[in-house]
Amino acid sequence: MVRLGTGIGWRPEIAEAVERMPGIDWVEVVAENVCPGHLPESLTRLRERGVTVVPHGVSLGLGGAERPDQGRLAALAERAGALGSPLVTEHIAFVRAGGPLTASGPLEAGHLLPVPRTRDALDVLCENVRIAQDALPVPLAVENIAALFSWPGEEMTEGQFLYELADRTGVRLLIDVANLHTNHVNRGEDPAEALAELPLEAIAYVHVAGGFERDGVWHDSHAHPVPRPVLDVLTDLASRVAPPGVLLERDENFPEAEEMERELDAIRRAVEEGAGRRKAGAAPVVGGRPGSGRGASGAARERLALAQTAVLSALVAGTPVPEGFDRVRMGVQARALAAKRADVVAKVAPELPVILGKGYRPAFLAYAQTRPMTGGYRRDALDFAEHVLAGRPENTAVRRELREWWLERSGSRPRSRRPAVRLARATRRALLRR
């Protein structure tokens with residue numbers, strides 16, 4: 001087991017601050033945001049100082065009905081090698097649906113969505129985890145996620161589901177205590193009961209993050225201070241087992257370095273308090289038997305595919321909410337997905353909010369209601385611009401600038417390097433004027 005210590009999520013916006021922070025033993029980086037051949041200089045400097053770097057994937061979709069994409073697995077393996085990482089991590093979630101198993105078009109969530117805690121879903125997840133383990137050069141750890149809604153007809157609790165997953169595959173667990181708190185508020189699930197059921201010896205490390213509550217719903221924002229209830233869950237966990245590593249996550253709304261350092265100190269104190277309770281007399285660690293259990297049948301994958309496609313379609317394409325789901329919570333999740341999608345597109349294509357001004361966000365949210373993402377955020381940005389152009393914006397300057405932006409990026413190379421296709425571009429331009 002790798003002893004990691006105290007860490008923080010490395011992000012470009014806080015790279016310099018992270019390098020200067022005292023007591024940082026390791027950092028975690030979003031795997032999809034780094035290029036193995038061109039690592040950020042900050043990460044290189046941290047590695048040279050002996051700081052461990054762990055890639056954290058967000059797009060593999062191990063909880064989806066399809067088998068993991070070999071290209072994504074190869075990319076994750078490449079990043080682990082380039083960073084010299086002792087392990088890699090991903091999520092127990094599905095991020096896309098549709099496709100061959102459902103004879104329907106592909107859909108992308110653009111976010112992590114919960115899998116149903118059923119035998120079918122567990123069988124599929126276990127097989128997908130084994131496929132990933134075989135493709136990766138280092139051990140894999142998987143993270144429990146936060147959820148805004150519950151699946152009807154679930155057959156296991158969160159702790160039971162995670163226990164069986166670790167028991168059958170030997171996979172390590174990345175326990176997010178903020179997500180346990182989120183599911184307590186949103187789904188009425190007791191974090192203490194979940195911790196009591198976990199195979200604690202399988203924990204690779206722990207995530208801690210902030211969020212906020214609105215209208216009785218907890219939003220796992222990663223953009224707010226860590227609240228006391230989350231630190232209390234961390235203390236409870238540390239009273240049961242010594243976590244090999246604990247990491248503070250912050251993705252947006254970055255505060256001053258001093259505030260993040262204070263949060264790290266609060267995390268250390270929470271762990272120390274739990275350790276004190278453990279030494280005074282702790283609950284025993286329960287062991288598992290990795291490698292047992294059955295595999296996933298084709299029928300199980302098809303059933304899961306149909307269920308996940310119906311849910312995702314309701315969330316991103318405006319189709320009816322499947323029977324048994326809380327319609328209010330599904331509406332909250334749909335709005336959250338659209339808002340996140342608007343935010344990410346604004347980061348991927350920052351020119352669009354500049355060109356459209358205050359009209360960007362309402363226009364994008366209206367677009368997202370019935371037009372699901374099918375090809376990633378960069379494709380989504382182009383499709384959105386094309387949609388706006390098709391509606392012929394009244395402002396001539398905006399229309400002209402947006403058209404130029406779209407034409408420059410909708411081909412494989414900039415127009416200035418493709419004189420042979422200018423006639424085709426001119427034709428497309430004429431069509432857009434209609």
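How much surface does the protein expose, and what share of it do carbon and sulfur atoms supply? The points below take up that question and then move inward, residue by residue.

1. The protein exposes about 19,100 Å², of which carbon and sulfur atoms supply 52%. This value, like those that follow, belongs to a predicted model, and the remarks in this note should be read with that in mind.

2. On overall dimensions, the C-alpha atoms fill a box of roughly 75 × 50 × 45 Å when taken along the principal axes. The radius of gyration is 23 Å, which agrees with the value near 22 Å that a compact globule of 434 residues would have. The secondary structure comes to 16 helices and twelve strands, and buried residues make up 53% of the 434 residues.

3. Contacts that reach across the sequence deserve a separate remark, since among contacts between residues at least 6 apart in sequence, 76% join residues at least 24 apart. As to charge, the protein carries 56 positive and 57 negative side chains, and the centres of these two sets lie 8 Å apart.

4. The largest nonpolar core has 88 residues, and those with the most contacts inside it are Ile8, Val27, Leu43, Leu140, Leu165, Val208 and Leu315. Helix H9, which spans residues 257-279, gives this core its largest share, namely six residues. Apart from this core lies another, of 26 residues, which includes Val344, Val345, Phe364 and Val398. In soluble globular proteins, nonpolar side chains tend to be buried together.

5. Leu140, one of the residues with the most contacts inside the largest core, can be followed through its partners beyond four places in sequence. Leaving aside those closer neighbours, Leu140 is in contact with Leu62, Val88, Thr89, Glu90, Val129, Ala132, Gln133, Val171 and Arg172, so that charged and polar residues such as Glu90, Gln133 and Arg172 appear in the list beside Leu62 and Val88.

6. Leu107 is placed in strand S6, which covers residues 104-113, and with a relative accessibility of 10% it counts as buried. Not counting residues up to four places away in sequence, Leu107 touches Val95, Arg96, Ala97, Thr309, Leu312, Ser313, Val316, Pro372 and Met373. By contrast with these contacts, Asn128 is 21 residues away along the chain from Leu107, and the C-alpha atoms of the two are separated by 19 Å.

7. Ala178 is found in helix H6, residues 177-187, and is buried, with a relative accessible area of 2%. Once residues up to four places away are set aside, Ala178 touches His207, Ala209, Asp220 and Val230. Glu154 stands 24 residues from Ala178 along the chain, and their C-alpha atoms are separated by 22 Å.

8. Pro191 lies in helix H7, which runs over residues 191-197, and at 11% relative accessibility this proline counts as buried. Beyond its neighbours within four places in sequence, Pro191 is in contact with Leu180, His184 and Val233. Pro191 and Asp232 are 41 residues apart in sequence, while the distance from C-alpha to C-alpha is 10.0 Å.

9. Two loop residues may merit a look at the backbone, as each has a positive phi although it is not a glycine. For Asp215 the angle is about 55 degrees; this residue sits in the loop between strand S10 (212-214) and strand S11 (217-219), and its 77% relative accessibility makes it exposed. For Asn253 the phi is about 50 degrees; its place is the loop between strand S12 (245-248) and H9, and at 54% relative accessibility Asn253 too counts as exposed.

10. Is Glu48, in helix H2, buried or exposed? Glu48 belongs to helix H2, residues 41-48, and counts as exposed at 64% relative accessibility. Val328 is 280 residues from Glu48 along the chain, and the C-alpha atoms of this pair are separated by 50 Å.

Note on methods
Residues numbered from 1 in each chain as written. Predicted model: local features only at pLDDT ≥ 70, side-chain atom pairs only at ≥ 80, totals over all residues. Heavy atoms only, no water. Helix = DSSP H or I, 4+ residues; strand = E, 2+ residues; numbered from the N terminus. Rg over C-alpha atoms; globule rule 2.2 N^0.38 Å. Buried < 20%, exposed > 50% of the residue type's maximum accessible area, 1.4 Å probe, protein only. Contact = heavy atoms within 4.5 Å. Areas by Shrake-Rupley, 256 points an atom, 1.4 Å probe, with all protein chains shown as cover. Lys, Arg positive; Asp, Glu negative; His and termini not counted. Charge placed at Lys NZ, Arg CZ, Asp CG, Glu CD. Core = buried A, V, L, I, M, F, W, Y, C linked by side-chain atoms within 4.5 Å.
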